[in-house]
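Dear colleague,

Please find below the structure that I am handing over to you. A summary of what was found in it follows.

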Amino acid sequence: MSIEIKDHNKLFKEEEYLKQFEEKKVYEAACSEEEVQKVLEWTKTKEYMEKNFSRQAVTINPAKACQPLGAIYAALGFENTLPFVHGSQGCVAYFRSYFSRHFKEPVAAVSSSMTEDAAVYGGLSNMLEGLENAYAIYKPKMFAVSTTCMAEVIGDDLNAYIRASKDKNKIPQELLVPYAHTPSFVGSHIVGYDNMLKSILSLVKNKNQISETINIIPGFETYPANIREIKRIIKVMGIGSIILADTSDSFDSPLTGEYKIYTGGTRLEDLFNAIHSKVTISLMKYASIKTIEFIKKEWVQEAFSLPYPVGVRNTDLLIQTLSKISGKPIPQEFEEERGRLLDAMIDSQSYLHNKKVALVGDPDLVLGLINFCLELGMKPKHILCTNGDKDFEADAETLLTSSEFGKECNIFTGKDMWHLRSAMFNDPCDLILGPSQAKFLVRDTGTPLVRVGFPIFDRHHLHRFPIIGYYGTLNLLTYIVNTILDELDKNSISGPNFDLIR
Ligand code: SF4
């Protein structure tokens, strides 16, 4: 017997539902349609924009997530590691669903399930019981403990609680339990990532040799295919490397018919060898500020960040740096990939030149996108980086002023997508590059969106294709130019310019 399950897109257009919606409006004494339209139009004006930009107390659709979400992400980049969040269960359900919606994968993370009594008396017993149960059931080799706002507000001491868990034999003495305080009322997911990664690396001590290996920190990199692309580049160059932290298989594992709670991740053996590497390179400066400082100081190792390797210049810089540090020549293969990317950029040039773009996302990604847009002759017009700071603004400014195409651009840090909406009504763009939440800007302003970054909830599999390196940048170029061509088709569908050849 087959059951017909109606799609909600059709279901809610049926008479029965339309009637209910009308009755609901009457019951709620809703404004008239004319009034709604009048206010909606007003929200598009300069007058409203000024009020919107003086807003202090409310945030609407920010382009950032919580600190512990980033901490969980860093933790899942290590072998057999279970993220343990000390705090409310609801927060952790949100983090897991956020990842599952983006990666379309199950995500393992547990919580100490603090409730009202823990808020009054402290969360020690939740922590003791939580670690004991989670260890008994899931047998991790490492717990990575972070906190939600609740634990931070009452000031729970993770160090003391973890020590107590070991002293009371709830978990083995020798079990690895790095921890990071991750209050979400400051910072964002990239700060949580940085805090947790630094904490995990702090487990590593006793430097007694120097190897030729290069450590790579991908950062809060939500494209497993990007990490695979980095590994491919390094392999082709014949360089020994350790990825800290490798989330590629944890968030993109093959379907084998058998569920494994732990898949992939940097091997713990490699983690402990990373201290001996000759250098550490981060591909996301803003997601690894504390970690890079830690490596320089505590591991006494050269450590620095490169710009996110999207676009020609940034990829050149990565490959030249790898070549210089390792002493290996740049393979012919990369010169050909680079040439193919340049060829494709020129092929699409006439559709991209002078197009105005709004960019939304994390600092490192956005800086990479600015660079690539300028290389394409596109004009960044509005940049929204909710979790950007003064340093980000200075970096963005330097990039923008280096090109004719970056001269008239607004940089918004600490702002949200409702601010960007106002800006886009008053100074429109041809295209948005950003995460799925920017689709509300598509609806409101009619500007097409190229989905890039995190999270991407409403399109499938984009994270399975790289957007960095020459090869990945070619993918990004393809998404950008084809979105513009789709828009051209849409706008010319009933006229003589509905061309077969673009
Ligand atoms: S902001 Fe705080 S309370 Fe809210 S989901 Fe994030 S960690 Fe939980």
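**Findings**

In this predicted model, the ligand is surrounded by Cys66, Pro68, Cys91, Tyr94, Thr148, Cys149 and Ser184. Sorted by class, this shell consists of five nonpolar and two polar residues, with no charged residue.

As to the overall division of the chain, there is a domain 1 covering 67-201, a domain 2 covering 214-326 and a domain 3 covering 334-492. The centres of domain 1 and domain 2, taken over C-alpha atoms, are separated by 23 Å. Where these two domains meet, 24 residues of domain 1 are in contact with 25 residues of domain 2. Three helices, namely H5 (67-75), H6 (89-103) and H11 (189-201), each supply at least two residues of the side of domain 1 that touches domain 2. Of that side, H11 gives the most, with eight residues. By class, the side of domain 1 that touches domain 2 is made up of 12 nonpolar, seven polar and five charged residues.

I turn next to the helix pairs. Helix H16 spans residues 332-352 and helix H21 spans residues 469-491; their axes come within 9 Å and cross at roughly 15°. Angles under 35 degrees count as roughly parallel, and H16 and H21 are therefore roughly parallel to each other. Their crossing is left-handed. On the H16 side, the residues that meet H21 are Phe334, Glu337, Arg338, Arg340, Leu341, Ala344, Met345, Ser348, Tyr351 and Leu352. On the H21 side, the partners are Tyr470, Tyr471, Thr473, Leu474, Leu477, Ile480, Val481, Ile484 and Leu485. Taken by class, the contact of H16 with H21 contains 14 nonpolar, two polar and three charged residues.

Helix H21 also meets helix H12, which comprises residues 224-237. The axes of H12 and H21 come within 9 Å and cross at roughly 145°. From H12, the contact is made by Asn226, Glu229 and Ile233, and from H21 by Gly469, Tyr471 and Gly472. By class, the contact of H12 with H21 has two nonpolar, three polar and one charged residues. Tyr471 of H21 thus appears in the contact with H16 and in the contact with H12.

When you open the model, which residues should you select to see the surroundings of the ligand? They are Cys66, Pro68, Cys91, Tyr94, Thr148, Cys149 and Ser184.

With kind regards

Definitions and conventions. Residues are numbered from 1 along each chain as its sequence is written. This is a predicted model: local features need pLDDT of at least 70, side-chain atom pairs count only at pLDDT 80 or more; totals for chains, interfaces and linings use all residues. A residue is near a molecule or strand if its C-beta atom, placed from the backbone, lies within 6 Å of it. Ala, Val, Leu, Ile, Met, Phe, Trp, Tyr, Cys and Pro count as nonpolar, Asp, Glu, Lys and Arg as charged, and the others, Gly among them, as polar. Axes are lines fitted to C-alpha atoms, for helices over the stretch in contact, and angles run from 0 to 180 degrees between N-to-C directions. Helices (H or I, at least four residues) and strands (E, at least two) are DSSP runs, numbered from the N terminus. Angles under 35 degrees count as roughly parallel, over 145 as roughly antiparallel, 65 to 115 as roughly perpendicular and the rest as oblique. A crossing is left-handed if the near helix is turned anticlockwise from the far one by less than a right angle, and right-handed if clockwise. Two residues are in contact if their C-beta atoms, placed from the backbone, lie within 7 Å. Domain bounds come from an automatic or database domain assignment.
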